[in-house]
Amino acid sequence: MADGQVMKRAKYKSSVKDPGVPGVLKMTRERFVFMPNDPNSSRKLNVEFRTIKGHKFTKEGSSRQALLNLTQEHGGNYILEFDSFADRDICREFVAAAIAFHGETGKATSEKPAAPLQGEQLSTAEMEHRIKLLQEDNELQMLHKQFVIGGILTEAEFWATRKKLLDQNDRRMPKQHVALKNEMWSVKPLSDGQSNRVTFNLTPEIILQIFAEKPAVRQAYLKCVPIKMSEKEFWTKYSRAEYLHSTKNVVAAAAEAAEDEELAIFLKQDDMLANEARRKIRRVDPTLDMEADVGDDYLHLLDHGLLREESKDVLDSQYEPYRRYFSQDLNQHAAVVLQGRVVDVELGDTRSVAEALARTKQAELANEASEGNSEIDLSHRISRIAEMDDLQGPRDPAVAHLCIKDPGDYFDSQQANALKALGDTGSGVKTLKCNVSPLEAYGSLRELVSEIRVRGLSEPITNPEVAFTVLSGLTQNISSTKYHLGKNPHESVLDSLPKVTREDLLHHWTSIQELLKHFWSSYPITTKYLYTKVTRLKDALSQVYPKLQEIKESVQSDFRHQVSLLVHPMLQALDAAFAHYDADVQKRSAKNGERTNGFV
Amino acid sequence: MYLHQVPTNFFDIFPDDVSLLMVLIDTNPFFWNSINTSLSFSKFISNVLAFLNSILLLNQLNQVVVIATGYNSCDYIFDSSALQNHNQKGESLLQKLEEFVDKDESLCRDDSVDGPGFSLLSGSLSMALCYIQKVFRSGPLHPRPRILCLHGSPDGPGQYVAIMNAIFSAQRSMVPIDSCIIGAQHSAFLQQASYITSGIYLKPQLLDGLFQYLTTVFATDLHSRSFLQLPKPVGVDFRAACFCHKNTIDMGYICSVCLSIFCKHHKKCSTCGSVFGQAQTQDSSTPDRKRKTSVDN
């Protein structure tokens, strides 16, 4: 059996409020054991996983406890508290695997589906993984039960075709990166209504964002901390600057900036950003319409029509550097968020984050500089693009004379074919091949018309039996299901079948596919193992065959046609498999007939 | 002057079941002469008369117009809205029919005709559509028109283009074309007409009970058709026929200039004279097969 086990420090509680008895929890596949630290305590646990039916756990959160609640069938439960959520999660997964394992093998204890064949060693993680997959996918579980526990396929064979599933899970985690938050003003001051204090909460995440968006701040940080001031002072100053900005009082901001040098850096517009923007603009493709983008330039100070109250104020030029423009902030923020996480450093240490970001920026600069001859490149592109293809004048295409035959010939022929294809039965109307003069024809017509005039309408206009036959024929025709197919795009034939039939059909499809997959992959037969496998599969397939016939007969006549259409490809596939098997067996027996030593 | 309005919203104006029914009856004498069934022309006309009466009974605002499709000409032979004396509808129709037959005979220039001949379906369709257009322009309130073709003669291939034009015009004006085939063979043109205009195509199995077919299927007005199930043909044969052998084919070669269809590779298009490129093997890229080099012919 598997020898995986988990050992963690935990507290055993009888209820959520209970402080809990500290101790050590040891879990193996079969059972879990809890030994309290205090040897005199009587709160020991030794519970088999067989009795555990479910588990519950608390969500992650800084103020919550990391609890795991193992519930038993008869209502008892064991609450365990862990030191950290990570510990709890490990135990939780182990417990889940154990519970699932015991749930599955409840019946077939002798046949251990997890037991590896042919010396294949499976790790606990593998086993748990498989069990988790089986739990998640009902269909998979059903197939597994049918074939592996039914003895038709072995465990290894079953999973051999599903390698992708097994691998996928492991790699699921690292593929997605956590992106930067899209909130812009993440530095929200909490103002205490009573006193005049304003509190800023800066988490490492926010700090990273600030450094990414405002390179001047980052540069100032690298310069000042820890030489000129401590980190706390730095952030206090920064928060003050933010606060001043939020009050939108530009004059006050200018006043404060004049006094404090560092504050001035925060309050002024970011020169580094301006340089960056200028550089980027120079790299833009010359065919791009710059007029439309002119507003993004730092040199041009319009607000893209965004409504701001103080746009009407005409302030002195000395206050200009202290104004913040919403559109510029927004653009910069958007650019940073879309760029994603450029650095992958532990967020705890602010300084390292700042340095990492600075390094990235430097690398970028170096790259750009190395793409030297940008000037030449630019002029090349301009000259190339100036001549655009669709602005060229039209070139007269070469003309050929058309000669078209009379279309009547074609449609004449088509009509004959169309009618042949329709398979007209004639329906009792026969055409006499006769050669008639117009005189005769018109004459007879005239006679008939006068006949009606004389006679009038007959009574009854039509024979009642005939009318009834017609009506019932029409009704039957209309109500036949073939007219309802394909009308509603959301409806499929499967939905209109009775539920049992539908389930059966789908089940048979998947199981036949699984069996055939293994069947065909075993050919050509080279080893005895493959031979026995093929025989096994063939027996299973021949069992399915009559079941399909049964399904066809069990539906009412209305649906019989559709069902047989659905079943037909399955039968064809089975027939092909059987034919191949028989041919192979014949070949082998023919070959064996030649050999005298009875070698298989 | 009116602007032609595509009547998209007269359904809202006239949501109930008033209908204007244009009946096109096939009066090709060679066709009626050549069939040997229980349905003689007189029986046919009496069934149709009874059917017209029942249409007029369904709703007092219903209108019926009958157009005769002859061998050489077509004409209106009955208009229910133009009648003064309501008791003499049948009489007046038959009278007009006789006059029409005479006129048609006088226009006939052939000495003898083999088989059933072709009737002028395109002419009568066009006349019906013109009448319908007149009705559309008569004011905001008008009944919903539809066309019923009682046709038996085989399709005349020379009329194909005209019939297709009429069909597309009917499709655009949203006038369904119903077809009731009383002849021996299916009519590909009318199948397509009913398919494109969302009308009903029916070839009755028992021609004795023609009246029953007419009243069950073709008397339904357009409003009711939205909730009634009516018979539909199993399929419309849209398959093409190749130009060289006149066989119906599913896959073939097409000239990229005139779209004529061939079942085998040809060096030159027989319809427009374009020269095709070299035939490549099956494995190479397919567009080469249909490439042509333009040549002055």
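## Two chains, their cores and their helix contacts

B:Met174 is partly exposed, with a relative accessible area of 32%. That residue is a handy way into this predicted model, since its backbone is a bit unusual: B:Met174 has a positive phi of about 60° even though it isn't a glycine. You'll find B:Met174 in the loop that links helix 6 to strand 6 (177–181) of chain B.

B:Ser198 is another one to look at. Its phi is also positive, near 55°, and B:Ser198 is a residue other than glycine. B:Ser198 sits in the loop between helix 7 and strand 7 (201–202) of chain B. As for cover, B:Ser198 counts as exposed because its relative accessible area of 59% is over the 50% cut-off.

### The chains in numbers

Here are the totals for each chain.

| Property | Chain A | Chain B |
|---|---|---|
| Secondary structure | 23 helices, 10 strands | 9 helices, 13 strands |
| Buried residues | 35% of 600 residues | 55% of 297 residues |
| Contacts joining residues at least 24 apart, among those at least 6 apart | 57% | 63% |
| Accessible surface | about 37,700 Å² | about 13,300 Å² |
| Carbon and sulfur part of that surface | 53% | 53% |

### The nonpolar cores

Which residues have the most contacts inside the largest nonpolar core? They are B:Phe44 and B:Phe51, in a core of 56 residues. The element that gives the most to this core is helix 3 (residues 41–58) of chain B, with 10 residues. There is also a second, separate core, this one of 36 residues, and A:Phe158, A:Phe519, A:Leu537 and A:Val555 are among them.

Back to B:Phe51 for a moment. Leaving aside residues up to four places away in sequence, B:Phe51 touches B:Leu21, B:Leu148, B:Phe211, B:Leu214, B:Thr215, B:Phe218 and B:Ala219.

### A buried threonine in a loop

Is B:Thr27 buried or exposed? B:Thr27 is buried, because its relative accessible area is 1% and anything under 20% counts as buried. This threonine belongs to the loop between strand 1 (19–26) and helix 2 (29–34) of chain B.

What does B:Thr27 touch, once residues up to four places away in sequence are set aside? In chain B, the partners are B:Trp32, B:Phe41, B:Ala68, B:Thr69, B:Gly70, B:Leu97 and B:Phe100. B:Thr27 also touches A:Leu445, which is a residue of chain A.

### Helices 6 and 7 of chain B

The loops of B:Met174 and B:Ser198 follow helix 6 and helix 7 of chain B, and these two helices pack against each other. The axes of helix 6 (residues 160–172) and helix 7 (residues 188–196) of chain B come within 9 Å and cross at roughly 15°. Because of that angle, helix 6 of chain B is roughly parallel to helix 7 of chain B. Helix 6 of chain B passes helix 7 of chain B in a right-handed crossing.

On the helix 6 side of chain B, the contact is made by B:Tyr160, B:Ile163, B:Met164, B:Ile167, B:Phe168 and B:Gln171. Helix 7 of chain B brings B:Phe189, B:Gln192, B:Ala193 and B:Ile196 to the contact.

### Helices 7 and 8 of chain A

Now over to chain A and another helix pair. Helix 7 of chain A and helix 8 (residues 215–224) of chain A have axes 5 Å apart and pack at an angle of about 110°. Helix 7 and helix 8 of chain A are therefore roughly perpendicular to each other. Where they meet, helix 7 of chain A offers A:Ile210, A:Phe211 and A:Glu213, while helix 8 of chain A offers A:Pro215, A:Val217, A:Arg218 and A:Tyr221.

How many of the 10 residues of helix 7 (residues 204–213) of chain A are buried? The count is 8, so this helix is mostly covered. The buried residues of helix 7 of chain A include A:Gln209 and A:Glu213, along with A:Ile206, A:Ile207, A:Leu208, A:Ile210, A:Phe211 and A:Ala212.

Helix 8 of chain A is mostly covered too, with 7 of its 10 residues buried. Those buried in helix 8 of chain A are A:Pro215, A:Ala216, A:Val217, A:Arg218, A:Ala220, A:Tyr221 and A:Cys224.

Key
Residues numbered from 1 in each chain as written. Chains lettered and ligands numbered in written order. Predicted model: local features only at pLDDT ≥ 70, side-chain atom pairs only at ≥ 80, totals over all residues. Heavy atoms only, no water. Helix = DSSP H or I, 4+ residues; strand = E, 2+ residues; numbered from the N terminus. Buried < 20%, exposed > 50% of the residue type's maximum accessible area, 1.4 Å probe, protein only. Contact = heavy atoms within 4.5 Å. Areas by Shrake-Rupley, 256 points an atom, 1.4 Å probe, with all protein chains shown as cover. Core = buried A, V, L, I, M, F, W, Y, C linked by side-chain atoms within 4.5 Å. Axes fitted to C-alpha atoms, helices over the stretch in contact; angles between N-to-C directions. Parallel < 35°, antiparallel > 145°, perpendicular 65-115°, else oblique. Left-handed = near helix turned anticlockwise from the far one by under 90°.
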